[in-house]
Structures are given as structure tokens and as C-alpha cells.
Amino acid sequence: MSSFNSKPLVHINILTPKPGRLDEFISGQLEGRPSLGQIRGLNTSRLYRAEDGSRAILVAGFDSVEDYEEFQKGPAFQAERARLKPLIEGVQPAFYRLIYDLSGG
């Protein structure tokens, strides 16, 4: 299993909005992104919307867990979290390592 440690690290957060608030959450997420500035260790960021309107998934690739944790502790992230929290019913965050990629990874 240690060979997986060289694979890309991503933080995946499944976000369940309060009923009827998904699009408002997504708009808020997109509007707030510039206020976060340059994020050390972030190498990819993608936001997905469930076709049924039930959830959003935020996928963020970081160089290390420590870079992610430092970002989370920062005042810019804390302000964005507080601003969007009223729209969210639940979150399911976890770190994952890439194991397979159709493009050859």
C-alpha cells in the first residue's frame, strides 16, 4: 500500500445543502473563491453539482494534508465557511489518493 503514497492527494467534500439552496450555495462558492487568494499547496480544485440537485462535491488537490490544514485554519477560509454555513445541512469530508485514471494514471 505504501506505493500509493506517491499518487495525487485530494480532499473530497460531499456537501448537502438545505432544501432548495443548492444553486445559492454554488453561486456563493463561486463568488467567494477569489477572496481566498493564492492557496499554498493547492494544485487543483473542481466543484460538481448533482444532476438531481441534491448535493455538490468539492474536489481539491493538495500537495499535503498539512497544506490543507493550514488553509483551513486561515482567516479567509474561516470567513467563507461562516458565510456559506447557513446554506448547508451536512458535509462529508475525507482525503483520498488517486488509484486509477483512465488517462493512464
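Glu80 is buried, at a relative accessible area of 12%. This charged residue sits in helix α3 of a predicted model. The protein chain has 105 residues, and 29% of them count as buried. The notes below take the fold, the pocket, one helix and three buried residues in turn.

**Overall fold**

- The protein chain holds 3 helices and 4 strands.
- Their order from the N terminus is β-α-β-β-α-α-β.
- Along the principal axes, the C-alpha atoms of the protein chain fill a box of roughly 40 × 35 × 20 Å.
- Take the contacts between residues at least 6 apart in sequence: 72% of them join residues at least 24 apart.

**Largest pocket**

- The largest pocket contains about 740 Å³ of space.
- Its lining counts 28 residues.
- Asn13, Leu15, Gln29, Leu58 and Phe77 are the lining residues nearest the centre of the pocket.
- Seven elements appear below, each giving two or more residues to this lining.
- The strands among them are β1 (9–17), β2 (42–49), β3 (56–62) and β4 (88–97).
- The helices among them are α1 (22–32), α2 (65–73) and α3 (75–84).
- By residue class, the lining splits into 17 nonpolar, 6 polar and 5 charged.

**Helix α1**

- The buried residues of α1 are Leu22, Phe25, Ile26, Gly28 and Gly32.
- Seen down the helix axis, these buried residues fall within an arc of 165 degrees, so they line one face of α1.
- Leu30 and Glu31 are exposed on the other side of α1.
- The cover over the buried residues of α1 includes strands β1, β2, β3 and β4, and also helix α3.

**Glu80 in α3**

- Why does Glu80 count as buried? Its relative accessible area is 12%, and the cut-off for buried is under 20%.
- Setting aside residues up to four places away in sequence, Glu80 touches Gly28, Gly32, Ser35 and Leu36.
- Two of these partners, Gly28 and Gly32, are also listed among the buried residues of α1.

**His11 in β1**

- His11 is found in strand β1.
- With 6% relative accessibility, His11 is buried.
- Which side chain makes a polar contact with the side chain of His11? That of Tyr68 does, at 3.1 Å.
- Tyr68 also appears among the residues that His11 touches, not counting residues up to four places away in sequence.
- The others on that list are Leu58, Val59, Ala60, Pro93, Ala94 and Phe95.
- Leu58, one of these partners, is also one of the residues nearest the centre of the largest pocket.
- His11 and Arg49 stand 38 residues apart in sequence, and their C-alpha atoms are 16 Å apart in space.

**Gln72 in α2**

- Gln72 lies in helix α2.
- Its relative accessible area is 17%, so Gln72 counts as buried.
- The side chain of Gln72 makes a polar contact with the side chain of Arg81, at 3.3 Å.
- Apart from neighbours within four places in sequence, Gln72 is in contact with Phe77, Gln78 and Arg81.
- Phe77, one of these partners, is also among the residues nearest the centre of the largest pocket.

Conventions: Residues are numbered from 1 along each chain as its sequence is written. This is a predicted model: local features need pLDDT of at least 70, side-chain atom pairs count only at pLDDT 80 or more; totals for chains, interfaces and linings use all residues. Side-chain values use heavy atoms; hydrogens and water are left out. On a 1 Å grid over the protein atoms alone, a cavity is a set of points where a 1.4 Å probe fits but cannot get out, and a pocket is an open set with protein on both sides within 12 Å along at least five of seven lines; lining residues have an atom within 4 Å of a point. Grid points are joined across faces, edges and corners, and a volume is the space filled by probe spheres set on the points. Buried means under 20% relative accessible area, exposed over 50%, partly exposed in between (1.4 Å probe, protein chains only). The arc is that of the directions from the helix axis to the C-beta atoms. Contact means heavy atoms within 4.5 Å. A polar contact is a pair of N or O atoms within 3.5 Å; within protein, one must be able to donate a hydrogen and the other to accept it, and residues adjacent in sequence count only if both atoms are side-chain atoms.
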